[in-house]
Structures are given as C-alpha cells and as structure tokens.
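Me: I would like to learn how to read unusual backbone features in a model. Please take me through them one at a time.

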Amino acid sequence: MSASPSSADIAQLSDSQREVLEQFTAVTAQSPIEAIPLLRRSQWNVQIAIAKFFDGETADPVAEALAAQSAAAAAAAARPSSIPLAAPPNALARSSAHTPGTVTPAPRVVPTPTSVSRRPPLLIALLFFPFSMLWRVGNGFLSLFYTLFPFLARFRPTSASSRARARRSQTPRDTAARFIRLFEEEYGAATGLEFFEGGYAQALEIAKKELRFLLVVLQSDEHDDTTSFNRDTLTNADVVCFLKDQNIILWAGSVQDSEAYQVATALQCTKFPFAALIALAPTSPSASTQAMSVVSRTTGPTPPAALITKLTAAITTHSESLSRLRAQRAVHEADRAIRAQQNSAYELSLARDQERARQRKEEAERVAQEEAAAKEAVAVAGLLESNKAAWKRWRASTLPEEPAQGPETARVSIRTRDGERIVRRFAGDAEMEQVYAFVECMHVERDEKGRVQGRTEKPRAYEHVWGFQLVSPMPRKVFGSGEETVKACLWPSANLVVEAIGNDEEEEED
C-alpha cells in the first residue's frame with residue numbers, strides 16, 4: 001500500500017492531472033491530499049472519481065475507469081468538432097423524444113473549466129505585434145460603434161470563444177452566487193425564491209440524501225422568453241409558495257456558464273426556458289433499483305398554473321415511493337439509534353464493571369500491602385526486641401561489681417518507674433553511662449552465682465537507645481549518659497528518679 005500523498009506528490013503532477021484535481025476539489029470541496037488517491041484509483045477520470053465520491057466505489061474501480069475512458073473517447077470522436085458555447089443544446093440531444101411521464105436518468109455533471117490561454121514565444125509575439133495592434137484598434141472602433149448604436153448589437157456576430165471570454169470560469173459555488181446576484185438585480189431581492197448556492201452535483205447529492213425533489217431551471221440570456229418566464233412564472237407568488245410548501249430544492253443557471261451548459265447538454269434540453277424536476281425514482285416500472293431521475297420536463301414559456309399542475313402531478317406520482325423510502329430510512333435510523341443506545345449502555349456497564357474490578361484490585365493490593373507492612377513491622381520489632389535483650393545481657397555481663405564504701409565512691413538512690421527504690425554505690429571515676437547501664441540491666445536474669453544467663457555476645461549492627469533519663473528531683477536536673485564521671489555529678493550521694501521518654505513513656509501510659 002502506498003503512503004499517503006503529500007505536497008511533494010502534488011508538485012509532481014502533470015498539468016492535465018492538476019486540472020482534473022481542480023475540477024474534483026471544486027465539486028466535492030475535498031482537500032487535494034485526500035482527493036489524489038481517489039483520482040489515482042479512477043485513472044484520473046474526473047467523472048468516475050466524483051461518482052465514486054458521492055455513490056461509493058465499485059469492486060473493480062480500475063476496470064470501470066478504463067471502460068469509462070474508452071467510452072469517453074468514443075463519444076468525443078462522434079461529437080462534432082466545434083459547437084458554440086451558447087448554441088442550443090439540441091445539437092447534442094439524442095434522436096429519441098421524451099414522452100410525457102417518461103422517467104429518464106439524471107446524469108451527474110462535472111463542470112469543465114475554460115481552457116487557459118498561454119502566451120506565445122517572444123519571437124512569434126514580436127512578429128505578430130503589428131497585426132495584433134491593428135486588431136485591437138479595429139475591435140475598439142467596433143465596440144465604440146456598437147456603443148453609439150446599441151440597437152445594432154443584436155446583429156453583431158458572436159462565437160463560442162467570445163462568449164466564453166464574456167464570463168470568466170469560476171467554481172460552481174461562485175457561478176451560482178453570480179447567477180443569484182444577477183437575478184436579484186434584475187427581478188428584485190424580495191421574490192421569495194431560495195436558490196441553491198452551490199453546484200449542480202452538490203444539489204443532486206443533497207436531493208438524493210434527503211429524499212427531496214430538485215427543480216433544475218435552465219435559461220438563456222439571449223432568449224426572448226427568459227424575461228417573461230422569470231417575471232410572470234418563476235417569481236409568481238403561487239409558484240414560490242408551492243416550492244416552499246413542497247420543500248423543493250431550486251437550482252438555476254444560465255447556459256452562458258460552462259456548468260449550466262453541460263447540465264443542459266446532459267439533460268437533453270431542446271428549448272428555453274427549461275425546467276426539470278428530479279427525484280429518486282425507479283429506473284423502470286419493473287425494476288427494483290432506484291436512481292436520481294428526471295420525472296417531469298417543462299420547456300418554453302409556461303403559465304404559473306400549468307407549471308404547478310405539471311409539478312404536482314409528478315410529485316403525486318413519485319411521492320409514495322419517496323415516503324416509503326423515508327419510512328425505511330426512519331426505521332433504519334431508529335434501529336441505528338437503538339443499537340447506539342444499547343452499545344452505549346453496554347459500554348457504560350462494562351466501564352462500571354471495569355471500575356469496580358479496578359477498585360477491588362486496588363483494595364486487595366492495599367490490604368496486601370498493609371498486611372505485608374504489618375508483618376514487616378512485627379518482624380522488625382521482634383528483631384529489635386531480640387537485639388535489645390541480647391545487648392542487655394551483654395552489658396550486664398560487663399558491669400563491674402559494686403565497690404566497697406570509700407572516699408572515692410558515691411552512694412546513689414534510684415527510684416525506678418514501677419516505684420521500687422534501689423541504693424547502690426558507684427566508683428567515682430566511673431562514667432554516667434555505667435549508671436544508665438545498671439538501671440537498664442537491673443532486671444536481667446542471673447543464676448545463683450550472679451552470672452548472666454544465656455549468650456552474652458554484643459549484637460551486631462545494633463545501636464542501643466536509652467528509653468529513659470535520670471533526673472535529680474530537688475533541684476531538678478537531668479543527667480545524660482554522656483555526662484562526666486560519677487564523682488563530678490553524683491558524689492558523695494544523690495537521689496535519682498527514672499523518667500521514661502519517647503515510646504517507653506507512651507507504653508507506660510498504655
């Protein structure tokens with residue numbers, strides 16, 4: 001599969017391919033980058049590409065494009081070499097006549113832009129410069145002559161090229177806007193007519209999509225009946241009200257424009273003014289397939305009552321099938337809406353179930369994490385308690401014996417946290433840490449000979465933290481474990497109280 005086209009691919013297109021791309025984008029309003037793949041699949045045939053864009057692609061687009069190209073070449077060979085642009089389209093009409101009530105296909109028309117003139121080489125331009133100057137001067141005198149005598153303008157010879165230059169080629173939307181502006185300038189802006197501001201192909205597609213009737217009005221500015229038809233029939237209050245009541249799409253154009261001329265040729269218009277009512281109808285009485293078809297034709301000057309009667313008969317004939325199609329589409333739309341609601345409800349229920357499952361999973365993970373954290377905390381607390389007990393046994397085994405009474409000893413009275421009072425002597429040169437160790441290890445189990453029971457090794461990677469402090473009540477003074485010697489702090493005697501700090505104080509309260 002080829003990669004998506006980019007601006008570099010657009011720059012590599014040939015002149016003819018760029019013209020086809022401009023035609024396709026003007027009708028479909030699609031971006032060039034999105035239009036190039038479809039044009040490539042259609043062998044750069046703009047008619048087939050637009051039909052695929054609006055109707056969908058077939059199973060074998062390449063074969064269809066090749067067949068359409070060969071058919072177009074055969075039709076071009078059979079067409080006359082030159083046909084004036086403003087000539088009546090009956091020169092291209094088929095020999096078969098349209099009987100009243102006959103349903104004929106409504107072809108899709110792609111407007112072909114006017115060919116752009118190119119400058120000749122410089123040498124040729126210099127050689128023909130005198131002749132071109134003479135032609136311009138002569139043409140200027142003729143224009144001045146026809147200006148001074150306007151009644152002679154109708155006898156002025158015209159050609160297809162001159163009429164093509166009279167109106168600059170524009171996009172279908174701009175051409176429709178120009179026609180509407182000129183119509184309002186001529187017949188007033190308060191006629192009540194609502195012209196479709198777009199191309200014929202777009203109007204045809206909207207009529208097919210919305211199952212509406214499309215009224216195509218083709219006119220020739222040079223025809224004598226155009227003005228009377230527009231003033232007396234098209235802008236008639238009854239006709240305007242009828243078009244609005246029936247919700248008919250109104251598209252109009254002048255055959256002096258390229259698109260309207262091609263539409264007149266495709267619809268086989270033989271006389272102006274021309275009006276064709278197009279709707280989605282069966283291709284034949286016995287066929288089950290339906291396509292956009294011309295269900296009514298009106299040619300020449302027609303009174304308002306006759307036009308309304310003819311359009312009413314066609315609408316009455318084909319409104320039943322359109323109503324049936326509208327009902328089918330309504331059923332399909334209702335089914336689609338029900339399926340969409342069911343899918344939305346299913347997706348909402350699925351999202352709720354997924355959210356509940358996610359919440360349960362998160363709750364289970366949170367509980368598992370809490371249990372793991374609790375187990376880890378218990379394990380850490382157990383290890384800490386074990387190390388603390390081992391440290392107490394080791395430190396109790398290293399405490400010296402109580403010294404005898406002497407001038408270098410201090411007599412210390414210690415009241416523990418459970419209210420017990422213990423009196424012990426300590427050497428004067430001993431550090432205060434020894435007093436703390438004595439208080440910490442006073443409840444370590446010993447045998448009859450005073451030896452510590454169990455292993456007395458110092459635990460590794462353990463740093464003991466004192467859970468209490470020694471305080472002298474009067475005057476109150478706190479002695480830390482890192483103070484000076486016992487002689488400097490407690491000699492000759494002292495009364496100390498054991499006060500819990502931190503977690504040990506909270507445990508005591510509990």
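The dialogue below turns to peptide bonds and backbone angles.

Reply: Before we begin, please note that this is a predicted model, in which local features need pLDDT of at least 70, side-chain atom pairs count only at pLDDT 80 or more, and totals for chains, interfaces and linings use all residues. Residues are numbered from 1 along each chain as its sequence is written, and side-chain values use heavy atoms, with hydrogens and water left out.

Me: Which residues does a cis peptide bond join, with omega about -15°?

Reply: That bond joins Met474 and Pro475, and Pro475 sits in the loop between strand E8 (468–473) and strand E9 (476–479). Helices (H or I, at least four residues) and strands (E, at least two) are DSSP runs, numbered from the N terminus. The peptide bond from Phe272 to Pro273 is also cis, with omega near -10°, and Pro273 belongs to the loop between helix H13 (258–266) and strand E4 (274–282).

Me: Where is Gln268, and what is its phi?

Reply: Gln268 is in the loop between H13 and E4, and its phi is near 60°, a positive value in a residue other than glycine.

Me: Is Gln268 buried or exposed?

Reply: Buried means under 20% relative accessible area, exposed over 50%, and partly exposed in between (1.4 Å probe, protein chains only). Gln268, with a relative accessible area of 13%, is buried.

Me: What is the phi of Trp44?

Reply: Trp44, a residue other than glycine, has a positive phi near 60°; its place is in the loop between helix H3 (32–41) and helix H4 (46–55), and with a relative accessible area of 19% Trp44 is buried.
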